[in-house]
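Open your viewer, keep the selection tool handy, and follow along at your own pace. Here is a short tour, one stop after another.

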Amino acid sequence: DDGWKRALAPVLLRIGIHSGPAIGSLYSSLKGEYDVFGLTVLHAEQLQLSCRPGYLHLSTETFSELTPELQAMCSEITDRGVPYTFELLYQEPAEEDPLSG
């Protein structure tokens with residue numbers, strides 16, 4: 001059934017990461033719900049929105065905190081509305097459907 005194939009298909013996430021100050025708040029002590037706020041969070045959201053599926057989109061601040069080995073795996077990008085950012089492939093797209101035949 002195609003429904004099961006779709007349900008088990010790989011998920012390619014888009015992840016934006018920015019490093020900087022943020023404010024955290026516990027807003028429900030009964031459930032332990034926590035959230036973070038601030039310009040750093042908004043910048044990370046902007047990076048995520050402009051990210052390609054299967055990649056990490058990193059700000060310059062986050063890139064500078066990476067090890068040299070990870071920095072070498074990154075590509076600088078300038079065409080997504082957020083200047084001087086980097087992307088890193090974290091999950092190769094499947095070349096063929098693992099559930100077929």
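**A salt bridge, then outward**

Start by selecting Arg52, which is partly exposed at 35% relative accessibility (buried means under 20% relative accessible area, exposed over 50%, and partly exposed lies in between, with a 1.4 Å probe and protein chains only). Before you go on, note that this is a predicted model, where local features need pLDDT of at least 70 and side-chain atom pairs count only at pLDDT 80 or more, while totals for chains, interfaces and linings use all residues. Residues are numbered from 1 along each chain as its sequence is written, and side-chain values use heavy atoms, with hydrogens and water left out.

Which residue forms a salt bridge with Arg52? Add Glu87 to the selection: the closest N and O atoms of the two are 2.6 Å apart. A salt bridge here is a side-chain nitrogen of Lys or Arg within 4 Å of a carboxyl oxygen of Asp or Glu, and the count by this rule is one. The pair ties together distant parts of the chain, as Glu87 sits in strand β6 and Arg52 in the loop between α2 and β4, 35 residues apart. Glu87 is buried, with 7% relative accessible area.

**The whole chain**

Zoom out and switch to a cartoon view. You should find four helices and six strands, in the order α-β-β-β-α-β-α-α-β-β along the sequence. Helices (H or I, at least four residues) and strands (E, at least two) are DSSP runs, numbered from the N terminus. Of the 101 residues in the protein chain, 23% are buried. Among contacts (heavy atoms within 4.5 Å) between residues at least 6 apart in sequence, 59% join residues at least 24 apart.

**Helix α2, inside and out**

Now select residues 39–49, helix α2, and pick out Thr40, Ala44 and Leu47, which are buried. They share one side of α2 because they cover an arc of only 55 degrees around the axis, taken from the directions from the helix axis to the C-beta atoms. What covers the buried residues of α2? Show β1 (14–17), β4 (55–58) and β6 (85–89), which are included in that cover. Then turn the helix around: the face away from the buried side carries Leu39, Leu42 and Leu49, which are exposed.

**The β2–β3 hairpin**

Next, select β2 (residues 23–28) and β3 (residues 33–37), which pair in the antiparallel sense over five bridges; strands pair if DSSP finds at least two bridges between them. The two strands form a hairpin with four residues between them, and Gly32 in the turn has a positive phi of about 70 degrees. Leu26 has Tyr34 of β3 as its bridge partner, while Ser28 stands opposite Glu33.

Keep Leu26 and Tyr34 selected and add Val36 and Val41: these four form a nonpolar surface patch with about 370 Å² of accessible area together. Nonpolar patches join side chains of Val, Leu, Ile, Met, Phe, Trp or Tyr within 5 Å, from residues with over 30% relative accessible area and no salt bridge; like charges are joined within 9 Å.

**Last stop: Ala72**

Finish in helix α4 (residues 68–72), where you will find Ala72. Ala72 is exposed, at 65% relative accessibility. Draw a C-alpha to C-alpha distance from Ala72 to Leu88: they are 9.7 Å apart in space and 16 residues apart in sequence.

Technical notes
Accessible areas come from the Shrake-Rupley method with a 1.4 Å probe; for residues, only the protein chains shown count as cover.
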